[in-house]
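Here are some exercises to work through with the model open in your viewer. Try each task before you read its solution.

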Amino acid sequence: GTPLGNILARVQPRPGARFVVFHCADPQEEDGTHPYYESIDFDDAYHPQTILAYELNDQPLPIPNGAPIRLRVERQLGYKHAKYVERIELVESFAHIAGGKGGYWEDEGYQWYAGI
């Protein structure tokens, strides 16, 4: 994979951006609604252990493991490790995204920060 911080350094986030939101290809309902999304703050985004994984054991990342791209946030619990990432958005707040709490599971009542 590649460190997420390296990618963010290249895109040069706007000064107001505070969070990185990962929009994923896997819908949570059979009718395609409630697409999965997750977010992290810039502290975790720039941490050297936070990567966007695209390979596993020197092979392209398999679909069951989250292909084509999977977020790995080693300082947080597993539900923060978004699979099937199709779009990354830098935002000031979560107000306009789904339930407004920063992630699919957070909208269901989980804590936003899932540090270990």
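**Exercise 1.** Locate Cys-24 in the fold, decide whether Cys-24 is buried or exposed, and list what Cys-24 touches beyond its sequence neighbours.

*Solution.* Step 1: Cys-24 belongs to strand β2; helices (H or I, at least four residues) and strands (E, at least two) are DSSP runs, numbered from the N terminus. This is a predicted model, in which local features need pLDDT of at least 70 and side-chain atom pairs count only at pLDDT 80 or more, while totals for chains, interfaces and linings use all residues. Residues are numbered from 1 along each chain as its sequence is written, and side-chain values use heavy atoms, with hydrogens and water left out.

Step 2: with a relative accessible area of 3%, Cys-24 is buried. Buried means under 20% relative accessible area, exposed over 50%, and partly exposed in between (1.4 Å probe, protein chains only).

Step 3: not counting neighbours within four places in sequence, Cys-24 is in contact with Pro-35, Tyr-36, Ala-82, Lys-83, Tyr-84, Val-85 and Glu-86. Contact means heavy atoms within 4.5 Å.

Step 4: for a distance check, the C-alpha atoms of Cys-24 and Val-73 are separated by 16 Å, and these residues are 49 apart along the chain.

**Exercise 2.** Find the residues that touch the most other members of the largest nonpolar core, and say which element gives the largest share.

*Solution.* Step 1: apply the criterion, a set of buried Ala, Val, Leu, Ile, Met, Phe, Trp, Tyr and Cys residues joined through side-chain atoms within 4.5 Å. The largest core has 18 residues, and Leu-4, Val-20, Phe-22, Ile-40, Leu-71 and Ala-82 touch the most other members.

Step 2: two or more residues each come from α1 (4–11), β2, β3 (35–41), α2 (42–45) and β7. The largest share, three residues, is from β2.

Step 3: look around Ala-82, which is in contact with Phe-22, Cys-24, Tyr-36, Glu-38, Ile-69, Arg-70 and Leu-71, leaving aside neighbours within four places in sequence.

Step 4: a second, separate core has six residues, among them Tyr-37, Val-91, Phe-94 and Ile-97.

**Exercise 3.** Work out the strand order of the open sheet of three strands and find the bridge partner of Thr-50.

*Solution.* Step 1: the order is β1-β4-β7, with antiparallel pairing; two strands pair if DSSP finds at least two bridges between them.

Step 2: β1 (2–3) and β7 are the edge strands, each pairing on one side only.

Step 3: β4 (residues 50–53) pairs with β7 over four bridges. Thr-50 has Val-73 as its bridge partner, and Ala-53 has Arg-70.

Step 4: β1 and β4 are joined over two bridges, and Thr-2 is partnered by Leu-52.

**Exercise 4.** How are the rings of Phe-19 and Trp-112 arranged?

*Solution.* Step 1: rings of Phe, Tyr and Trp (its six-membered ring) pair if their centres lie within 6.5 Å; planes under 30 degrees apart count as stacked, over 60 as edge-to-face and the rest as tilted. The structure holds eight aromatic pairs.

Step 2: the centres of the Phe-19 and Trp-112 rings are 5.6 Å apart with planes at 80 degrees, so this pair is edge-to-face.

Step 3: because Phe-19 sits in strand β2 (residues 19–27) and Trp-112 in the segment after α3 (104–107), the pair ties together parts that are 93 residues apart in sequence. Phe-19 is buried at 11%, whereas Trp-112 is partly exposed at 22%.

Step 4: Tyr-79 and Tyr-110 form another edge-to-face pair, 4.9 Å centre to centre with 80 degrees between the planes. Tyr-36, Tyr-79, Tyr-104, Trp-105 and Tyr-110 make up one aromatic cluster.

**Exercise 5.** Place His-81 and identify the side chain joined to His-81 by a polar contact.

*Solution.* Step 1: His-81 is in the loop between β7 (70–73) and β8 (85–91), and counts as buried at 8% relative accessibility.

Step 2: its side chain makes a polar contact of 3.4 Å with that of Arg-72. Such a contact is a pair of N or O atoms within 3.5 Å; within protein, one must be able to donate a hydrogen and the other to accept it, and residues adjacent in sequence count only if both atoms are side-chain atoms.
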